Structures are given as structure tokens and as C-alpha cells.
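Colleague: Could you choose one part of this model and take me through it closely? I'd also like to hear how it sits in its wider setting.

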Amino acid sequence: MPISKHEEKMVDLRVQMQQNQVELRDYLADLDSWESDIKEKEEQLRTGKTAQIEELPPVRNTIQKKKMKKKKKELKDAESNKPRRISGFDFKAWDKFDVDKALEEIDKKEKEDKTSSSEYETDEEWEMERKKHLANVEKDLGNEFLKKGEYDKAIEAYTKGMAFDATNAVLPANRAMALLKQQKFAAAELDCTVSISLDPLYVKAYLRRASARASLGKFDQAMSDYSHVLGLEPSNKQAKSEVERLQKEIKREKEVPVLSTLTEQGKGIVKPVYKQPEERSKAPLKRIHIEEIGIESTGQQYHPDLAYGATAKKVSVQEQENFEKLVSQNAPQQAPHSSSIAVESNLMPTFANERIQPVNVEPRDLRSQDQQDISLPSVETRTEHQEVLTSTIPSNVLKAQKRPSWNAASNPDSHQSPDSGSGNNQRKAPSRIETERNGTSLPSEGISIPQTSFQFQTDFRLLKNKPEAFFEYFQAIPPSHYTKLFGHSLDADMLMAVLKSLAANLSSQDLYEILTQLSMVKRFSMTTMFLSQSDKQVVRSLMEHLSKSGSRPQNDILSLSRKYEL
Amino acid sequence: MDKPQIILHIQKCVNYTLYDSKWIPCSAKFVALGNYARGTGALQIYEVSHGDFKVVKDVEKSKPFKCGTFGASSLQNRFLATGDFTGKLQIWNLESLDLPVYSVQAHKEIINSIDGIGGLGIGEGAPEIVTGSRDGIVKVWDPRQKDEPVATMEPEEGEAKRDCWTVAFGDAYSAQDRCVAAGYDNGDIKLFDLRNMALRWETNVKNGVCCLEFDRKDIAMNKLVATTLESKFHVYDMRTQHPSKGFASLTEKAHNSTVWLARHLPQNRDVFMTLGGNGSLNLWKYSYPSSRSKTDGEGVETGVAGTVDLLQNVTLSTQPVSSFDWSPDKMGLSVCTSFDQTIRVIITTKLNTI
């Protein structure tokens with residue numbers, strides 16, 4: 001049966017549709033198997049770790065950057081006003097790089113488009129970047145100050161920068177530079193250590209730490225720093241020359257070991273360090289103020305002025321009136337005390353012009369009202385422009401109270417003596433303000449009457465080679481103090497020094513009183529046993545002097561000389 | 001009668017505007033990129049299995065995505081490079097999409113087009129990404145270099161900046177050779193030689209260039225397809241360049257609408273799909289002439305263009321097709337997105353018999 005053309009076409013179409021159906025069914029079946037295959041393959045890829053890291057070609061245009069730029073200019077579509085990145089190794093370019101200009105440009109750009117803020121995925125990232133930027137700004141500021149020599153400002157800037165970015169190794173290293181310039185070597189060393197911990201390859205930090213350490217005398221550590229630098233940069237000239245210099249230094253150190261050991265012998269004793277003239281610091285010497293604490297309370301120093309200003313006039317009027325009464329009233333009590341003062345005024349040329357007046361004045365200021373029960377006669381003498389001014393300072397009483405040993409004493413003598421003692425202190429105070437500060441103390445003016453055996457011993461050590469000064473000093477001590485003052489510590493040396501000075505200055509002083517009081521010092525008999533023949537000769541001469549003067553009965557002198565083991 | 005059939009396999013609607021879709025290499029999965037109505041970016045991963053595809057991952061990012069590529073990533077990593085509406089280039093590890101592994105503000109305006117090379121075993125040389133943006137600048141990026149492009153192509157100062165609509169890598173047959181083709185809204189096509197850092201060729205096709213694609217990226221330039229507005233596309237024979245005339249080409253009308261895209265079949269470089277503004281898909285086959293070059297009167301070689309034949313034509317959507325991607329692993333499998341917010345998985349049969 002013949003089929004028409006139309007029919008044939010219909011059949012073909014049907015066949016084709018069937019074929020397509022089959023094709024598609026096949027394809028879909030294939031797709032299913034492919035899906036499972038590819039899944040397997042993907043899993044392999046993920047877990048297989050066939051991580052054969054190929055040698056990738058370098059990033060484009062990093063090495064031949066300059067060449068590229070030239071060619072690009074010829075290009076019609078060349079990159080034109082794009083800021084170009086300078087490679088870290090392109091030192092020439094960095095030398096020409098104008099940081100300020102770049103910073104200004106960045107600032108300008110930031111104003112122009114705020115889109116740069118969205119460059120970072122998170123706020124934290126952006127904040128960090130911003131802080132790093134700020135740290136760099138501070139660094140540049142610091143560098144500027146450093147150049148100008150304003151080290152304090154530079155340090156401030158670097159410190160701020162470090163607060164912004166604690167990971168920047170340059171900031172502490174630069175601060176160390178500024179500290180070095182200020183000769184704060186220990187701080188500089190610390191900063192350098194911080195910098196090195198941040199960037200162990202930062203050569204400048206090593207150099208600076210080495211120079212800080214060398215200045216601190218840590219030569220070995222400085223040497224190790226320099227050798228580290230040479231390890232990093234074998235051609236570093238500074239390190240080389242410094243190493244040579246240091247080696248010489250260390251050699252010299254070894255040649256003069258005696259000098260250095262000297263300082264180590266006695267703890268707390270500072271001895272001058274010997275240095276070669278060329279090594280000596282060129283920096284001007286600084287005056288260092290040393291204030292003494294403990295021996296005299298500082299409060300004492302301003303009280304005279306207080307009294308001087310406010311009460312001095314009234315006092316000076318009153319004292320004249322009170323003076324006569326006082327002398328008569330307190331005569332018996334005053335006796336030993338005033339006699340010692342009399343002696344003092346006779347013997348001390350420096351105080352020749354002083355009028356010493358025992359005055360009894362009621363305490364006047366607020367402070368003294370708390371202690372109205374203690375109104376002791378006090379002595380205040382003052383030398384100023386050869387003028388005599390006497391006044392009473394209520395705070396004297398306070399001072400006396402502060403020394404419990406004196407305060408507790410009940411006998412009139414000891415009551416008097418602290419006052420006279422502190423009075424003397426007072427008197428010397430104005431001049432001491434000047435003299436003490438200068439670090440020198442004149443024996444006659446600077447050293448006050450000792451209140452403790454320790455103080456006496458210290459003074460004794462200072463004065464034992466100056467007989468006159470020592471005599472003056474000893475004279476100022478009321479004999480009644482001796483027992484307290486020396487306690488157990490009167491040794492033969494000390495005793496002989498006292499006796500010799502007495503023998504050398506035989507005069508109208510109350511020699512008997514002094515000798516008696518001395519003999520009453522504890523363990524005195526023990527001390528006398530250590531006296532040599534020549535020493536005893538001195539004592540003998542003193543006794544002879546006493547008996548000649550005839551101020552005391554012979555019996556007393558005899559018993560006294562027995563006490564001195566004659 | 002053995003014409004290939006283009007069959008709609010699966011389709012699914014989504015709630016965002018789709019701009020790009022890409023098969024994840026060595027998998028039955030693809031990525032869809034787009035823009036939520038609220039102005040955020042959509043990044044979804046689908047897996048095809050047994051006649052259906054399902055969402056594997058779905059993340060929303062702050063900025064809408066315009067385009068993406070796997071071209072510069074190794075097969076091991078399969079990192080996706082994306083360009084977004086704000087001009088940011090980002091590279092994502094699809095295993096952990098919280099933060100990009102690389103991020104840079106590449107352009108001031110939207111990145112219209114992105115292409116990658118040097119990864120997936122396709123193309124010799126360094127992995128590189130090229131981006132083209134509305135700001136008129138084409139930049140080449142190396143994922144190993146932060147913040148700065150490795151090459152920039154922009155108009156000289158004073159010249160008008162044209163909107164760059166499309167970029168494509170090609171000619172990457174050796175570690176040094178590499179070309180970037182860029183198409184602009186004014187019909188300009190520019191070919192940049194990255195080896196010499198020079199403009200190698202430029203032409204104007206009168207209508208805005210929507211898409212450029214080399215038939216292969218990793219061979220010496222063979223063919224370049226350029227699709228344009230006004231329903232035309234051009235095929236250039238890139239083997240022979242005449243000093244003045246440039247490359248030989250043919251022009252074909254198609255779709256009766258803008259030709260949005262052209263995509264070459266990975267398994268056959270002479271077969272390609274064009275996608276139209278009317279939602280249609282055209283499958284073409286290029287036929288070479290008997291001789292690809294001839295010597296003109298002055299003794300200079302010029303190229304000879306071949307011919308194209310339409311193999312199949314289907315219309316799947318009423319809206320323009322925004323993206324189309326052939327699966328690199330399964331011949332005939334492709335994914336297609338269009339502005340009707342639909343993702344389609346398409347099967348093309350009998351491609352092996354062409």
C-alpha cells in the first residue's frame with residue numbers, strides 16, 4: 001500500500017518524537033548515574049587532599065612594574081592617575097616617597113569618598129585599620145618632634161601611637177631613640193626589648209638597645225645585641241665600629257679591677273668612681289637636693305619663721321619684762337643650764353654677739369593650746385645679721401615632747417636640757433637651712449647637740465680629727481646628758497678624745513662637773529681599764545688642774561681620781 | 001532530523017532577582033546570585049538530583065551580587081569570586097560563607113562582569129580575575145595580591161568613561177600570554193594584551209556590547225563571540241589579525257531582541273548558545289571556511305570568517321535571560337536564570353552527534 005507524502009511526513013515526525021523521547025529518557029537515566037558519579041568524585045576531591053601545590057607564576061607586574069608603567073602610558077587606555085604601589089624592596093622610591101603628601105592625599109580621599117569605609121567586611125577590621133593608620137600618624141608626628149629635638153613631645157606622640165597599635169614594632173623603637181637622647185637608658189632598653197619582641201628582625205631596635213646597654217654598663221649584653229645585628233646585617237657599619245669600641249672598653253674594665261672592687265667592699269658606702277678624663281661625662285653636673293629625715297623633723301624649720309613674723313614683736317617686748325622675774329624665780333633650777341650657756345657664750349666666738357636670754361612665755365598659737373600644761377621655760381636665740389633677736393616658740397615644747405626619753409625625765413635638769421637643746425637647734429635652724437642643703441656641715445654651726453648616742457658617735461667620727469671643733473661640740477653638751485648620751489657605748493677612744501680636748505682647752509669651765517658626769521656613765525670603770533699610761537697621764541694632769549683651781553674639796557677630787565683608776 | 005533538543009528539565013521560582021548562575025566545578029551543584037527586593041545580596045547553592053534541585057545553602061549578604069566566577073580558583077578550593085552592586089570584588093569559600101576569603105573595593109560602581117582564569121586547570125599562568133564596571137575601568141586582580149589590581153585599563157583623562165558591560169579572558173595558552181576583551185555600552189570592543197600591557201585591537205559594533213566570550217580561554221585565540229543590543233551578534237575569527245582591518249567577522253541576527261549572552265559549549269567549542277531579551281535560547285554551530293586566511297592584494301594575510309547555523313530555538317521565558325551556564329562536567333546539562341525570577345535546569349540532547 002503506497003503511502004502519500006503527507007502520510008510519510010507524519011510517520012517521520014512520529015518516529016522522531018519517539019526517538020527524542022528515547023533520547024531524553026536515556027539522557028535522564030545517564031544524568032542520574034552521572035549525579036551519583038560526580039558526587040563520589042566531589043567527595044574524593046574534598047577528602048582526597050590531592051593538594052599538589054603547583055608552582056604558580058609570580059603575581060603580574062610586581063617585578064617589572066616600572067617597565068610596565070612606561071608602556072602603559074603609551075596606551076590609549078592606560079592607567080593614568082591611579083596611585084601606584086611602591087614595592088617594599090624599592091628603596092630608591094621610598095627615599096623619594098613624601099609621607100606627608102601621601103597622608104594629605106589619603107585625608108583628602110577620605111573626605112571625598114566615604115566608600116573606603118566599606119572596604120572592610122566588618123567594623124572590627126575597619127576599626128583596626130583606622131587605629132593602625134592613627135598610629136602611623138602619631139609615629140610621623142613623633143619623628144617630626146625627634147628631628148626638631150623636642151624629645152618629650154616625641155615620646156608623647158610615640159606613646160599615643162603605641163596605644164593605638166600595640167603591634168607596631170617601630171613605635172617603641174623610636175620612643176627608645178628619644179629616650180636615648182634624653183639619656184634615659186634603662187627605659188630605652190625596655191622599649192627596645194618590646195620592639196624586638198614584636199619584630200625579632202628589626203635591626204634598629206637591636207642597635208638602640210645595645211647602645212642603651214653599653215651606656216648602662218651592661219657591656220656583655222650590648223655585645224650580644226651587636227653580634228645579633230651583625231648576624232642580621234653582616235655589613236652594618238655602626239655595629240662593627242661599636243663592637244670594636246666595646247671590646248676596648250671591656251679590656252680597660254678588666255685592667256683596673258682594683259678600682260671597681262673598692263666600691264664593693266663596704267655596703268652603703270659610696271666611693272668615687274675613677275674614670276679616664278676622656279671618658280668622663282660631658283653632661284653638666286646636677287645639683288641633687290638631699291633632705292635629712294628623722295634626725296630633725298622638718299616642721300621645725302618653718303616654725304621660727306612663723307614665730308618670727310607673727311609673734312616676734314610681742315615676744316620681744318614681753319621677754320624684756322619677763323626676763324628679770326624669771327632669773328630670780330627659776331634660779332635654782334636654771335643653775336646648771338644657764339651656766340653651760342654662759343660657758344658657751346664665752347667660748348664660742350661665733351656666738352659672741354648673741355645675747356642668750358632664758359624667757360618664759362606662755363604658748364601662743366593654736367597648736368600649743370593643746371598642751372597648755374607644759375609651759376616650760378624655753379630659750380630661743382637667733383643670729384641674723386649680727387643682730388640679736390630672742391623669742392619663744394611654742395613648738396619648742398612640741399619638739400621636746402616628741403622625744404620620749406627627754407620628756408619622761410622628771411628631774412628639773414633634764415626638763416631644762418631638752419629645751420636648751422632644742423633651743424640651740426632652733427637657733428641654728430635658719431643658718432642650717434642654707435648650709436645643710438649644700439651638703440656640707442660646718443662643725444661649729446652645722447652640727448647640733450646630739451640627742452642620742454648614735455648621733456654622738458656619728459658626729460664623733462666626723463670631728464675626732466678636728467680637736468677644736470670637737471671641743472666646741474662637746475662643750476655644747478650639758479654634762480648632765482652624759483649618762484644618757486653615752487649609755488653603754490663610751491669606749492676608751494672616745495673618752496680619751498674627750499679628756500684630751502678638755503686638757504687642751506683648760507679654762508674656767510666646770511671641769512669637775514664634766515669629769516664627774518663622765519665617771520657616772522655606765523661601764524665607766526670598764527672603760528678606764530683600757531686606758532694606757534699616756535692616757536692616764538692626761539687624766540692626771542686634769543686632776544692636778546682641778547686641785548690647783550681649788551674649787552672643790554680635795555676629798556672629792558680624790559674620789560674622782562679613784563674612779564679614773566689613778 | 002537529528003537536531004539537538006533543548007528541554008526544560010526542572011524550573012523553580014525564587015523570591016529575588018537573579019543575575020548569575022554558575023555550576024560548581026566537579027559537582028551536580030550550582031550557585032545562583034542575585035538581589036533581594038530589600039537591597040541585599042542573595043547567594044544560593046542548589047544541588048540537582050533525580051529530577052529535582054534543592055537548596056543546599058542559602059545566605060544573604062549586605063550587597064546585591066551581580067556576577068560570579070570560579071575561573072581563578074583551584075579545583076580543590078572552588079572559591080567563588082563575585083562582583084557586587086557597590087563595586088566590591090569578593091572571593092568566597094563556599095564551605096564557610098560567613099566572611100569572604102578575599103575582599104577589595106575594586107570599583108566605585110557596580111561590577112557588571114567578571115571572569116576568571118588560571119584555575120580549574122583552565123588556562124596557563126597565574127590565577128587572575130578581571131572585572132568590568134560601570135565606572136568604565138577594567139581591572140585585573142590576582143587573589144594573592146591584596147588591595148591592588150595587577151593591571152588596570154581605563155580611559156585616559158578627558159576621555160568619556162563608557163560603561164563597561166562585559167569582560168572575558170582568552171589567549172591563555174602559555175604562562176605569559178593572556179588577553180582581556182572588554183565590551184562597552186557604546187559598542188566598543190577592546191582587546192588588551194596582558195603580556196605586552198598594550199591595547200591589541202579595538203573596534204566598534206555600533207550597538208552596546210552585552211557579552212563577549214572566547215570559544216576557549218586556554219588556547220591561542222580562535223573565535224570571539226560578541227552579542228549586542230538590537231538583536232545582533234558577531235563572531236570574530238581571532239586567528240589572523242590584519243594590521244588595519246583587524247579580525248574577520250560575521251554578523252548574525254537573532255532573537256528579535258537584545259542578545260544578552262553567548263555561551264560556548266565546554267565540550268565543543270564550535271557550538272554556542274545565545275540568549276535573548278525575549279526569553280529565547282538559540283543554539284548555534286559555527287562552520288569554518290575552507291581556508292581561514294587569505295593574502296590580500298598587498299601580500300598581507302587577512303582572516304576569513306566562517307558561517308553559523310541555527311541548530312535549535314526555544315523560548316522558555318517571557319523575560320530576558322540573565323544568565324546561562326553549561327555544566328563543565330556533564331555535556332548538555334545547563335542552568336539558566338531569567339528576570340522572571342525563575343531558575344531553570346535545561347537539558348540539550350544529541351550534542352554529541354553534531
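Modeller: Happy to! Two strands pair if DSSP finds at least two bridges between them; strands (E, at least two residues) and helices (H or I, at least four residues) are themselves DSSP runs, numbered from the N terminus. This is a predicted model, so local features need pLDDT of at least 70 and side-chain atom pairs count only at pLDDT 80 or more, while totals for chains, interfaces and linings use all residues. Residues are numbered from 1 along each chain as its sequence is written, chains are lettered from A and ligands numbered from 1 in the order in which they are written, and side-chain values use heavy atoms, with hydrogens and water left out.

My choice is strand β11 of chain B, residues 128–133. On one side, β11(B) pairs with β10(B), residues 111–117, in the antiparallel sense over 6 bridges. Within that pairing, B:I117 has B:E128 as its bridge partner. β11(B) also pairs with β12(B), residues 138–141, again antiparallel, this time over 4 bridges. Here B:I129 stands opposite B:W141. The hairpin that joins β11(B) to β12(B) has 4 residues between the strands, and B:G136 takes a positive phi near 85° there.

Next, how covered is β11(B)? Taking buried as under 20% relative accessible area, exposed as over 50% and partly exposed as in between (1.4 Å probe, protein chains only), 6 of the 6 residues of β11(B) are buried. Both faces are covered: B:E128, B:V130 and B:G132 are buried on one side, and B:I129, B:T131 and B:S133 on the other.

There is also a record to lay over this hairpin. An unreviewed UniProt entry annotates "repeat: WD" at residues 129–142 of chain B; such positions are given in the numbering used here, with feature names shortened, and annotations may be inferred rather than shown by experiment. That span is 64% strand and 0% helix, and its end C-alpha atoms lie 6 Å apart.

Zooming out, chain B has 30 strands and 0 helices, and buried residues make up 63% of its 354 residues. If contact means heavy atoms within 4.5 Å, then 49% of the contacts in chain B between residues at least 6 apart in sequence join residues at least 24 apart. Among its cysteines, B:C67 counts as buried at 5% relative accessibility, and B:C179 is buried at 0%. A disulfide is a pair of cysteine sulfur atoms within 2.5 Å, and by this rule the count over all chains is 0.

For a helical counterpart, turn to chain A, which has 27 helices and 4 strands. Buried residues make up 36% of its 566 residues. UniProt, again in an unreviewed entry, places "repeat: TPR" at residues 135–168 and 203–236 of chain A. The span 203–236 is 82% helix and 0% strand, with its end C-alpha atoms 9 Å apart. Helix α10(A), residues 219–232, has 14 residues and reaches 20 Å from its first C-alpha to its last. Its buried residues are A:F219, A:A222, A:M223, A:D225, A:Y226 and A:V229. Seen down the axis of α10(A), these buried residues fall within an arc of 160° and so line one face of the helix, the arc being that of the directions from the helix axis to the C-beta atoms. The face turned away from that buried side carries the exposed residues A:D220 and A:G231. What covers the buried residues of α10(A) includes α9(A), 203–216, and α11(A), 237–255.

Key:
The expected span of a helix is 1.5 Å times one less than its number of residues.
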